[in-house]
Amino acid sequence: MPTVFTADAIVVGSGPGGATVARGLARAGKKVILLERGKDWRRSPLHGTYPGALLYADRSALLFTREGLNIIRPLMAGGATSMYCGCAARPPHWLKERYGIDLDRHIDETLAELHIAPLPPELRGAASTHIADSANALGYAWTPLLKFMNPSRTDGFDCGAKCMLGCRCGAKWNATEWADEAVATGWGEFITEARVDAVIVENRKAVGVRARVKGSSITFNAPTVILAAGGIGTPILLQRAGLAQAGNGIGMDTTVMVYGASKHRGNGNEPPMTWEWANDDVGYLLSTLIDPWLNYPIIMLLKSPRYLPSWARWNQMLGIMIKLKDDLSGCVKSERDISKPFTANDQKRLDHAIEIANKILIKAGADSRTLLVTPLRGTHPCATVRIGEMLDRNLQTEIEGLYVCDASAFPETLARPTVLTIIGLGKRLVEHLTKESTFLGS
């Protein structure tokens with residue numbers, strides 16, 4: 001392999017932001033190199049399995065903040081779209097109202113292109129639907145969630161909660177598909193197992209990156225660099241580029257599950273997160289979800305060994321996920337030094353959400369004596385390099401030619417699925433770059 005590559009643009013990270021930008025630039029006839037730290041696991045027999053998830057999740061899914069918050073961080077081709085519930089949500093209204101970021105046209109285009117829609121009623125799960133019906137009976141307006149999950153993509157639709165580990169049946173959209181499309185144009189190159197160590201900056205302008213590719217040191221030169229390495233990876237690279245404030249403050253859409261055992265079959269074997277209710281007044285989202293069978297005892301052990309016997313009732317367990325719009329707090333110092341304090345406001349939101357979730361589960365038939373709440377976990381590291389602070393409205397940093405397009409750009413936590421918003425940001429960035437007269441040195 002050569003030790004120096006040259007392109008019009010370098011994109012770091014193949015998740016929804018990176019893949020969207022790489023495809024868009026390649027379609028515009030720009031030579032783009034997409035670098036991915038992890039492996040492409042799609043053709044591995046381990047993809048979508050418990051052992052596989054331990055291999056491609058950072059620290060085998062045992063990455064913790066200083067305060068003990070568990071962070072789920074996939075390090076693989078496709079990024080977040082390789083370990084997600086296939087959920088979609090339009091950007092929150094405040095993104096346009098408070099920050100002037102209008103993604104409506106790009107979101108509409110994506111909804112149509114990927115056929116994003118709720119699952120058909122017969123595939124939303126009997127127990128999940130029963131939970132939603134119980135919530136609606138109590139006056140909470142639960143609705144079907146939009147999904148990147150399309151049963152027509154596969155002959156063997158099999159999307160139980162285990163599909164959070166990676167989609168084995170092919171029903172869910174994965175960002176690697178757009179990386180493949182970038183390559184297919186003839187203008188894109190997709191290199192996996194390429195760990196970027198630094199952005200190369202000369203006279204306050206980005207001119208490329210340095211990376212290690214399967215043990216070799218490689219320089220990738222380009223006048224435009226787009227970082228899409230996620231809420232943890234991107235601020236670290238910006239710190240190394242001299243932007244010391246990167247990573248000051250982090251959001252997580254902090255998440256817990258609330259469980260209760262019933263006499264009937266639970267929602268553990270059903271497609272995840274098929275129903276939702278967003279309480280934007282308080283700041284949280286509720287949805288139908290339960291930890292996969294083999295993950296469940298690990299979570300219970302983290303809570304306390306005395307909760308492990310509840311694993312025997314997993315098939316009868318009803319589960320509601322709480323996703324908080326948490327305050328920005330803490331910092332990212334390195335991949336192994338992350339702080340994320342839980343604030344007093346976060347606790348108020350969580351207490352309110354738990355109270356509502358308990359009411360719904362009891363209405364759905366859960367035994368009140370079996371109700372329990374899992375430990376906190378961080379599912380969407382974000383808002384570490386925020387629009388309006390470190391990024392302008394076009395996602396450019398103060399270093400010319402250096403852009404960010406991932407969840408780290410969020411100015412606040414979303415408290416809802418993030419992928420569709422990131423895709424919208426990616427399409428908007430491509431539009432800006434391809435219209436910019438100075439782009440790529442032209």
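A residue counts as buried when its relative accessible area is under 20%. With that cut-off in hand, we can start with the cysteines of this predicted model.

## Cysteines

Cys169 has a relative accessible area of 18%, so this residue is buried. Cys331 falls on the buried side too, because its relative accessible area is 12%. Does either one have a sulfur partner, and how many disulfides are there? The count is zero. A disulfide is a covalent bond between the sulfur atoms of two cysteines. To be counted here, two cysteine sulfur atoms must lie within 2.5 Å. For Cys169, the nearest cysteine sulfur belongs to Cys159 and is 3.7 Å away, and Cys169 is in no disulfide. Cys331 is in no disulfide either, with the sulfur of Cys382 as its nearest cysteine sulfur at 15 Å.

## Aromatic rings and the charges over them

Let us turn to the rings. The structure has 10 aromatic pairs. One of them brings Tyr84 and Phe148 together in a tilted arrangement, with 6.1 Å from centre to centre and 50 degrees between the planes. Tyr84 comes from the loop between β5 (70-71) and β6 (87-88), while Phe148 comes from the loop between β8 (146-147) and α6 (176-184), so this pair ties together parts that are 64 residues apart in sequence. Both Tyr84 and Phe148 are buried.

The pair also belongs to a cluster: ring pairs link Tyr84 and Phe148 with Trp173 and Trp178. Trp178 has a charged neighbour as well, since the charged end of Arg23 sits over its ring, 3.7 Å from the centre. Elsewhere, Lys303 lies over the face of Tyr307, and here the distance to the ring centre is 4.7 Å.

## Salt bridges

How many salt bridges does the structure hold? There are 32. Three of them are set out here.

| Salt bridge | N to O distance |
|---|---|
| Arg37 and Glu335 | 2.4 Å |
| Glu412 and Arg98 | 2.9 Å |
| Glu389 and Arg386 | 3.1 Å |

Arg37 and Glu335 meet through their side chains. Arg37 lies in the loop between β3 (32-35) and α2 (50-56), and Glu335 in the loop between β19 (329-334) and β20 (337-339), so their bridge ties together parts that are 298 residues apart in sequence. Arg37 is partly exposed, with a relative accessible area of 27%, whereas Glu335 counts as buried at 15% relative accessibility.

Glu412 forms its salt bridge with Arg98. Glu412 sits in the loop between β23 (402-404) and α10 (419-435), and Arg98 is part of helix α3 (residues 94-99), so this contact ties together parts that are 314 residues apart in sequence. Glu412 is another buried residue, at 15% relative accessibility.

In the salt bridge of Glu389 and Arg386, is each partner buried or exposed? Glu389 counts as exposed, because its relative accessibility is 56%. Arg386 counts as buried, with a relative accessibility of 10%.

Some salt bridges share partners, and in this way Arg23, Arg27, Glu109, Glu113, Glu181 and Lys427 are joined into one network. Arg23 may look familiar from the ring section: its charged end is the one over Trp178.

## Strands β10, β11 and β12

Finally, follow the chain through three strands. Strand β10 (residues 194-202) pairs with strand β11 (residues 205-213) in the antiparallel sense, over eight bridges. Within this pairing, Val196 stands opposite Ala211 of β11, and Val201 has Ala206 of β11 as its bridge partner. The hairpin of β10 and β11 has two residues between the strands, and Asn203 there takes a positive phi near 55 degrees.

On the other side of the next turn, β11 pairs with strand β12 (residues 216-221), again in the antiparallel sense, over six bridges. Gly208 stands opposite Asn221 in β12. β11 and β12 also form a hairpin with two residues between them, and Lys214 in the turn has a positive phi of about 50 degrees. In a regular strand the side chains alternate between the two faces of the sheet.

Notes: Residues are numbered from 1 along each chain as its sequence is written. This is a predicted model: local features need pLDDT of at least 70, side-chain atom pairs count only at pLDDT 80 or more; totals for chains, interfaces and linings use all residues. Side-chain values use heavy atoms; hydrogens and water are left out. Rings of Phe, Tyr and Trp (its six-membered ring) pair if their centres lie within 6.5 Å; planes under 30 degrees apart count as stacked, over 60 as edge-to-face and the rest as tilted. Helices (H or I, at least four residues) and strands (E, at least two) are DSSP runs, numbered from the N terminus. Buried means under 20% relative accessible area, exposed over 50%, partly exposed in between (1.4 Å probe, protein chains only). A charge sits over a ring if NZ of Lys or CZ of Arg is within 6 Å of the ring centre and within 35 degrees of the ring normal. A salt bridge is a side-chain nitrogen of Lys or Arg within 4 Å of a carboxyl oxygen of Asp or Glu. Two strands pair if DSSP finds at least two bridges between them.
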